[in-house]
Amino acid sequence: MRNFIYCWAAILCLFFCVAAGHIAQDDWIPLFDGKSLDGWKVGKNAATFTVENGMIVAHGPTAHLFYEGDAHRHNFKNFEFKAKVMTMPGSNSGIYFHTEYQDSSWPKKGYEVQVNNSHTDWRRTGSLYGIQDVKDVFVKDNEWFTEYFKVEGKRVIVKLNDKTVVDYTEPDSVKRDPGNEGRVISSGTFALQGHDPNSKVYFKNIMVKPLPD
């Protein structure tokens, strides 16, 4: 009888350990605490990014805010990412992935998922910038929308409010034009873009779910 009890105790322990591991793997991790830029880093034109009422506001000269927090040691390969975004009319921004910190200029490493509903640049929100571009406008200025993207292996899926707008698979041994050599699948962190002084974009509920490599 005692051996029977021990056996069931071991089975239950194993079950709960597996369940706990499954839950942990499925958890979305917040990258922004809603109060400060702790865990984020920006170089030149740092004043472009502020925190207001639980939101990151990008408004000012060109700058990029890189996630350098503790989550996954800020190095993501396969993952799901989502954020609530709102653009003011005429604004441009973007969310980079597989990138790395730069003090200034446009990030050389990684891909950019575009944020732009009405800027003069024709590449609209959801574009995998310069790689697979979206010409149609699927979301509106002055309204919150969810920008989601998933990277798994060489495949990138971008959704706006659950509508798929990009489904791109990077070719094997892809070669980019000079100056864009870093636009390839690798691993790295995320960055929010402050595009120009006339652009104002809000971000909140910034989340990531790491996936198995």
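In this predicted model, the largest nonpolar core comprises 40 residues, and of these F97 and I206 touch the most other members. The contacts of F97, leaving aside residues up to four places away in sequence, include the aromatic residues F79, Y111, F149 and F190, together with V113, L128, V151, V156 and I185, while G110 and T189 are also touched. A second core, separate from this one, consists of 5 residues, among them M55, V57, M88 and Y202.

Aromatic residues were examined next. The structure holds 12 aromatic pairs, one of which is formed by F76 and F79 in an edge-to-face arrangement, with 6.5 Å from centre to centre and 75° between the planes; both of these residues are buried. F79 also pairs edge-to-face with F149, at 6.1 Å centre to centre and with an angle of 80° between the planes. Because F79 belongs to strand β6 (residues 79–87) and F149 to strand β9 (residues 145–152), this pair ties together parts that are 70 residues apart in sequence. F149, like F79, is buried. F76, F79 and F149 are members of one aromatic cluster, which also includes F81, F97, Y111, Y168 and F190; F97 thus appears both in this cluster and among the residues of the largest nonpolar core.

Rings also take part in arrangements with charged side chains. The charged end of K41 is placed over the ring of Y101, at 4.2 Å from the ring centre, and the charged end of R123 sits over the ring of Y129, 4.8 Å from the centre of that ring.

Conventions. Residues numbered from 1 in each chain as written. Heavy atoms only, no water. Phe/Tyr/Trp six-rings, centres within 6.5 Å; stacked < 30°, edge-to-face > 60°. Buried < 20%, exposed > 50% of the residue type's maximum accessible area, 1.4 Å probe, protein only. Helix = DSSP H or I, 4+ residues; strand = E, 2+ residues; numbered from the N terminus. Lys NZ or Arg CZ within 6 Å of the ring centre and 35° of its normal. Core = buried A, V, L, I, M, F, W, Y, C linked by side-chain atoms within 4.5 Å. Contact = heavy atoms within 4.5 Å.
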